[in-house]
Amino acid sequence: MSTQQPANLSPRGPVLVPGGAGYIGAHFVRVLERLKVPVVVLDNLSTGHRESVKATFEQVDLGDRAALAGVFQRHKPVAVVHFAAKCYVGESVTEPAKYYRENVIHTWNLLEEMRAHACRDIVFSSTAATYGEPRTVPIPSDHPQNPINPYGRTKLHMEHMMQDYGHAYGMRTAALRYFNAAGCMPEEGLGEDHEPETHIIPLVLGVALGRRKSIAIFGGDWPTRDGTCVRDYIHVEDLADAHVRALTKLQGGTSAIACNLGTGNGYTVKELVELARKVTGHAIPVEVVARRAGDPAQLVADGAKAKELLGWTPKRSGLEQILKDAWSFMQKHPRGYAGD
Ligand code: UFG
């Protein structure tokens, strides 16, 4: 399967990718490499995997300003695509300090080093969690942003910080609000490998793999077609392609972009499990348990703005394809990257 070719991305120097050893970042880096764009990955490896990176690599924490300045001096990046962040809603409620430090303060460090080194283009990972409980579904990109947990609030702070830096200092910024990132590029040896894992697809496939006996479905009494939550699953290769397009736009002079990245198709948890049974050929027992605090009933993107601004539509994000890709990686790497 080939990545859609966006309009020419030919930066005059390397693209710096904080968080490029993480799940989504590593996929983006591999897509950039396919496009022969020079790239430098920066990651503290707190959750990322060194094994997933072939590109030039700097093990640096964004909290270390001196080390970060050294990276800018050595590599002279012309743009930044920023994936480094903490991303667990539940953890953000119990440990907000970690989220404000790693997501907000570390992003401020990054923006300051960009400013100091005249690097003005940044694309970064925002999230559907910045909307909070949606008033309308599908959720348009101009829906009010009222996050309901610290994770969503830190991501909204990041968006605001970038807008302000854009107005005051001429930085060009793209906030890409992901819905449920999923799938992988097993043909590149890339997959999803979190410890602990909280995301539904690797958990469901883990049951098929025999790692656990059943999957707990959080709530069977939601106001949806079968009582389970509806989500919009978007393939990481499609996310990567949208980042390439956003960066191309910024480099071409566009000053600010903010849009959803989703498919517009919602699946219930039960529908997802049923499809996973079909893809894996395993029974996958389920147990319906209490709702998980903080889960909205439905999150589905209205993707019109990404299509209009970036010319982007998802290509690999059918849920069956997502499950096939994730299953392929998990079968080849049953213990994740560490087992290689
Ligand atoms: N779910 C279960 N059982 C599980 C795990 C998840 O039923 O063991 C359900 C959840 O309740 C939810 C759906 O499966 O309805 C998807 O849950 P995930 O944990 O995979 O993903 P979330 O929708 O909670 O989170 C995603 C991103 C977050 C982002 C959020 C936006 O991973 O980073 O969307 O609200 F903040």
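## Exercises on a predicted model

**Exercise 1.** Leaving aside neighbours within four places in sequence, determine which residues are in contact with tyrosine 99.

*Solution.* Tyrosine 99 is in contact with Lys86, Cys87, Tyr88, Glu91, Ser92, Val104, Tyr151 and Thr154, once its neighbours within four places in sequence are left aside, where contact means heavy atoms within 4.5 Å. The model is a predicted one, in which local features need pLDDT of at least 70 and side-chain atom pairs count only at pLDDT 80 or more, while totals for chains, interfaces and linings use all residues. Residues are numbered from 1 along each chain as its sequence is written, and side-chain values use heavy atoms, with hydrogens and water left out. The next step is to place the residue: tyrosine 99 belongs to helix H4, helices (H or I, at least four residues) and strands (E, at least two) being DSSP runs numbered from the N terminus. Tyrosine 99 has a relative accessible area of 0% and is therefore buried, given that buried means under 20% relative accessible area, exposed over 50%, and partly exposed in between, with a 1.4 Å probe and protein chains only. Finally, the C-alpha atoms of tyrosine 99 and valine 279 lie 36 Å apart in space, with 180 residues separating the two in sequence.

**Exercise 2.** Establish whether the end-to-end distance of helix H5 agrees with its number of residues, and which elements its buried residues pack against.

*Solution.* Helix H5 covers residues 150-169, and because each of its 20 residues should contribute 1.5 Å, the expected span is 28 Å; the end C-alpha atoms are 27 Å apart, which agrees. The expected span is taken as 1.5 Å times one less than the number of residues. The buried residues of H5 include Tyr151, Thr154, Leu156, Met158 and Tyr165. As a group, the buried residues of H5 pack against strand S4 (79-82), helix H3 (89-94), helix H4 (96-116), strand S5 (121-127) and strand S6 (172-178). Just after H5, glycine 170 takes a positive phi of about 75°.

**Exercise 3.** Describe the surroundings of serine 141, starting from its place in the chain.

*Solution.* Serine 141 sits in the loop between S5 and H5, and its relative accessible area of 10% means that it counts as buried. Not counting residues up to four places away in sequence, serine 141 touches Tyr131, Arg177, Ala258, Cys259, Asn260, Asp302 and Lys305. With asparagine 260 there is a more specific pairing, since the side chain of serine 141 reaches the backbone nitrogen of that residue at 3.1 Å. The loop between S5 and H5 also holds proline 138, which a cis peptide bond, with omega about 0°, joins to valine 137.

**Exercise 4.** Locate the other cis peptide bond and the residues with a positive phi that are not glycine.

*Solution.* As background, most residues other than glycine have a negative phi, and most peptide bonds are trans. The bond from glutamate 195 to proline 196 is cis, with omega near 0°, and proline 196 lies in the loop between strand S7 (180-182) and H6. Leucine 45 has a positive phi, near 60°, and is found in the loop between strand S2 (39-43) and strand S3 (56-59); its relative accessible area is 24%, so leucine 45 is partly exposed. Lysine 76, with a positive phi of about 45°, is in the loop between helix H2 (65-75) and S4, and counts as exposed because its relative accessibility is 58%.

**Exercise 5.** Characterise the shell around the ligand, first by composition and then by atom-to-atom distances.

*Solution.* The residues of the shell divide into 14 nonpolar, four polar and three charged, where Ala, Val, Leu, Ile, Met, Phe, Trp, Tyr, Cys and Pro count as nonpolar, Asp, Glu, Lys and Arg as charged, and the others, Gly among them, as polar. Helix H6 (200-208) and strand S8 (215-218) each supply at least two residues, and S8 provides the largest share, four residues. A polar side-chain atom of asparagine 180 lies 2.9 Å from an oxygen atom of the ligand. A backbone N or O atom of isoleucine 200 is likewise 2.9 Å from a ligand oxygen atom, while for alanine 216 a backbone N or O atom lies 2.7 Å from a nitrogen atom of the ligand. Taken alone the ligand exposes 690 Å², of which the protein buries 90%, with accessible areas coming from the Shrake-Rupley method with a 1.4 Å probe.

Key: Polar contact = N/O pair within 3.5 Å; in protein donor to acceptor, adjacent residues only side chain to side chain.
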